[in-house]
Amino acid sequence: MPDDKKAAAKVEPLRKTRPCPECGKPSHREHYPFCSNRCREADLSRWLTGAYAIPVADDETKAEYPDEEN
């Protein structure tokens, strides 16, 4: 049975390509959701140096929430 002329199977990508959160180029499968290892490492560097932080209040009862009405 000759397999030479067998049609190639259509393979769907695992994830839809998205813009890289670092530079905006289309994401690449190996570095998802980033386009390259450089962008992935730049983002990791920001996390490790503390550039990304979630603000917290010492006492949650005294925390001010701008979207709540008094």
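Select Cys20 to begin, a residue placed in the segment before H1, where helices (H or I, at least four residues) and strands (E, at least two) are DSSP runs numbered from the N terminus. The model on screen is a predicted one, in which local features need pLDDT of at least 70 and side-chain atom pairs count only at pLDDT 80 or more, while totals for chains, interfaces and linings use all residues. Residues are numbered from 1 along each chain as its sequence is written, and side-chain values use heavy atoms, with hydrogens and water left out.

At 5% relative accessibility, Cys20 counts as buried; here buried means under 20% relative accessible area, exposed over 50%, and partly exposed in between, with a 1.4 Å probe and protein chains only. Show the neighbours of Cys20 next: not counting residues up to four places away in sequence, Cys20 touches Lys25, Ser27, Pro33, Phe34, Cys35 and Cys39, contact meaning heavy atoms within 4.5 Å.

Now extend the selection to Cys20, Cys23, Cys35 and Cys39, which an unreviewed UniProt entry lists under "binding site". These four are spread over 20 residues of sequence yet cluster in space, the largest C-alpha distance being 8.1 Å. UniProt positions are given in the numbering used here, feature names are shortened, and annotations may be inferred rather than shown by experiment.

Of these cysteines, take Cys39, which is placed in helix H1 and is buried, with a relative accessible area of 1%. Apart from residues up to four places away in sequence, Cys39 touches Cys20, Glu22, Cys23 and Phe34.

From Cys39, move to Glu22 and add Arg46, whose side chains meet in a salt bridge at 2.9 Å, N to O. A salt bridge is a side-chain nitrogen of Lys or Arg within 4 Å of a carboxyl oxygen of Asp or Glu, and the structure holds one. Because Arg46 lies in helix H1 and Glu22 in the segment before H1, the pair ties together parts that are 24 residues apart in sequence. Both partners can be inspected from outside: Arg46 is partly exposed, with a relative accessible area of 30%, and Glu22 counts as partly exposed at 26%.

Next, display H1 itself, which covers residues 37-49, in a protein that has one helix and zero strands. The 13 residues of H1 should span 18 Å at 1.5 Å a residue, and the end C-alpha atoms are 18 Å apart, which agrees; the expected span is 1.5 Å times one less than the number of residues. Gly50 follows H1 and has a positive phi, near 90°.

Stay on the helix and select Leu48, which is exposed, with a relative accessible area of 69%. Together with Leu44, Trp47 and Tyr52, Leu48 makes a nonpolar surface patch of about 460 Å². Patches are made of residues with over 30% relative accessible area and no salt bridge, with like charges joined within 9 Å and nonpolar side chains (Val, Leu, Ile, Met, Phe, Trp, Tyr) within 5 Å; accessible areas come from the Shrake-Rupley method with a 1.4 Å probe, and for residues only the protein chains shown count as cover.

Return to the segment before H1, where Pro26 is placed, and note that Pro26 is exposed, with a relative accessible area of 61%. Leaving aside neighbours within four places in sequence, Pro26 is in contact with Arg18 and Cys35, and the C-alpha atoms of Pro26 and Lys16, ten residues apart along the chain, are separated by 9.8 Å. In the segment before H1 also lies Pro33, which is joined to Tyr32 by a cis peptide bond with omega of about 5°.

Finally, show the whole protein, in which buried residues make up 10% of the 70 residues. The protein exposes about 7000 Å², of which carbon and sulfur atoms supply 53%.
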